[in-house]
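Colleague: Could you walk me through this model before I go back to the bench? I'd like to ask things as they come up.

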Amino acid sequence: MVLRIRNLNRLDSRTGEPALLAPVDLDVENGTCISITGLSGSGKSVLLRAICDLDPVEGEVSLNDQDRENMSGPDWRTRVAYVPADSGWWHDRTGAHFSDPEAALPIITSFGLPEDALDWPVQQLSTGERQRLSMARALVRNPEVLLLDEPTSGLDPETTEKVEAVLRERLAAGNSIVLVTHDPEQRNRLASQHYEMKNGQLSPLAGGIS
C-alpha cells in the first residue's frame, strides 16, 4: 500500500472548523490509478489539495507507512505531486521552473512538445502546453504518487493518447495516480477503481466502470 488516508477533512481557515469535505477514507495501492468524478464544486480539487497538504486539514495521511505529519511540506510534495488544472508559473521562461531541465527533455518530447519548449515564454503558452509542461515539471521529480486534476482537458485526442501512454508507464513502474476527470472514457482507460464526489462526500462510483 502506498497512500493511506483516514478521516481527512479540510478546515475552514477562518474558524478552524471542518468544512468542504466529509471525512475521507481512501487507500491507493502501488501501481494503481483511481478516478474521481463529480460535478464542478463538489470537492474534487479540494480533496487533492488536502492530500497534498496545501490547505489546513485534519485527519491522517501516510505514504509507505510514513506519516505526513513527520515530513516537511516540500518533502511530502516531492513524493506526492499535485498537478492542478491551472498550475502556477512564477518565472518568465518555462525552463526556469524545472529542477532538472535536462532530465525533463525526454518527458517533454514524449508529450509531443519540442525540446526548445523549455525556452518558451510562459505568457505565450497555450492551455494544452501549460498542462503538459506542468505534468513534466512534476514527473521529473519522480514522485511516488501523482494527483492529477483534469490533466488532458485542453488536449486533442492524439496528444491525450501520448500523455496517457506516459502515465501508463508510470503505473507499470509502480507509481500511483489519483485522477480527477470528467471524461468517462479516460477514466475507464486508466483507472481500475472509480469514485464519485458529491457535496464533499467521496464514495465508490455506482455501477463501477461504465
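Colleague: Let's start with helix 3: which of its residues are buried?

Modeller: Bear in mind that this is a predicted model. In helix 3, which covers residues 101–110, the buried residues are A104, L105, I107 and I108.

Colleague: And what do the buried residues of helix 3 pack against?

Modeller: They pack against helix 4 and against helix 5, the latter spanning 157–172. As background, an α-helix has 3.6 residues a turn, so residues three or four places apart point the same way. After helix 3 comes G112, which has a positive phi near 85°.

Colleague: How confident is the prediction, in terms of average pLDDT?

Modeller: The protein averages a pLDDT of 92, and 95% of the residues score at least 70. Among the elements, strand 8 has the highest mean pLDDT, at 98, while strand 2, residues 18–28, has the lowest, at 86.

Colleague: OK, the sheet next. In what order do the strands of the open sheet come?

Modeller: The open sheet has 6 strands in the order 6-7-8-3-9-10, and their pairing is mixed. Strand 6 (80–83) and strand 10 (201–204) are at the edges with a single partner strand each, so one side of each has no neighbour in the sheet. From one strand to the next, the twist averages 20°.

Colleague: How many bridges are there between strand 7 and strand 8?

Modeller: Strand 7, residues 145–149, pairs with strand 8, residues 176–180, over 5 bridges in the parallel sense. Within that pairing, D149 is opposite V180 of strand 8.

Colleague: Which strands does helix 1 touch where it packs on the sheet?

Modeller: Helix 1, residues 44–51, touches strand 3 (33–37), strand 6, strand 7, strand 8, strand 9 (193–198) and strand 10, and its direction makes about 155° with that of strand 7. Helix 4, residues 127–139, also packs on the sheet, where it touches strand 6 and strand 7, and its direction makes about 170° with that of strand 6.

Colleague: Changing topic: how does strand 1 run relative to strand 4, parallel or antiparallel?

Modeller: Strand 1 (residues 3–11) and strand 4 run antiparallel and are joined by 6 bridges, with R4 having S62 as its bridge partner in strand 4. Strand 4 also pairs with strand 5 in the antiparallel sense, over 2 bridges, and there L63 stands opposite Q66 of strand 5.

Colleague: What is the phi of N64 in that hairpin?

Modeller: The hairpin of strand 4 and strand 5 has 2 residues between the strands, and N64 takes a positive phi near 50° there. Most residues other than glycine have a negative phi. N64 is partly exposed, with a relative accessible area of 32%.

Colleague: And N142, where does that one sit?

Modeller: N142 is in the loop between helix 4 and strand 7, and its phi is positive too, near 55°, although N142 is a residue other than glycine. At 56% relative accessibility, N142 counts as exposed.

Colleague: Last one: what is the volume of the largest pocket, and which residues are closest to its centre?

Modeller: The largest pocket has a volume of about 330 Å³. It is lined by 19 residues, of which Y82, W90, R137, A138 and R141 are the closest to the centre. Strand 6 gives the largest share of the lining, 4 residues, and strand 6 and helix 4 each supply at least two.

Terms used:
Residues are numbered from 1 along each chain as its sequence is written. This is a predicted model: local features need pLDDT of at least 70, side-chain atom pairs count only at pLDDT 80 or more; totals for chains, interfaces and linings use all residues. Side-chain values use heavy atoms; hydrogens and water are left out. Two strands pair if DSSP finds at least two bridges between them. Axes are lines fitted to C-alpha atoms, for helices over the stretch in contact, and angles run from 0 to 180 degrees between N-to-C directions. Contact means heavy atoms within 4.5 Å. Buried means under 20% relative accessible area, exposed over 50%, partly exposed in between (1.4 Å probe, protein chains only). pLDDT is the predictor's confidence in each residue, from 0 to 100. On a 1 Å grid over the protein atoms alone, a cavity is a set of points where a 1.4 Å probe fits but cannot get out, and a pocket is an open set with protein on both sides within 12 Å along at least five of seven lines; lining residues have an atom within 4 Å of a point. Grid points are joined across faces, edges and corners, and a volume is the space filled by probe spheres set on the points.
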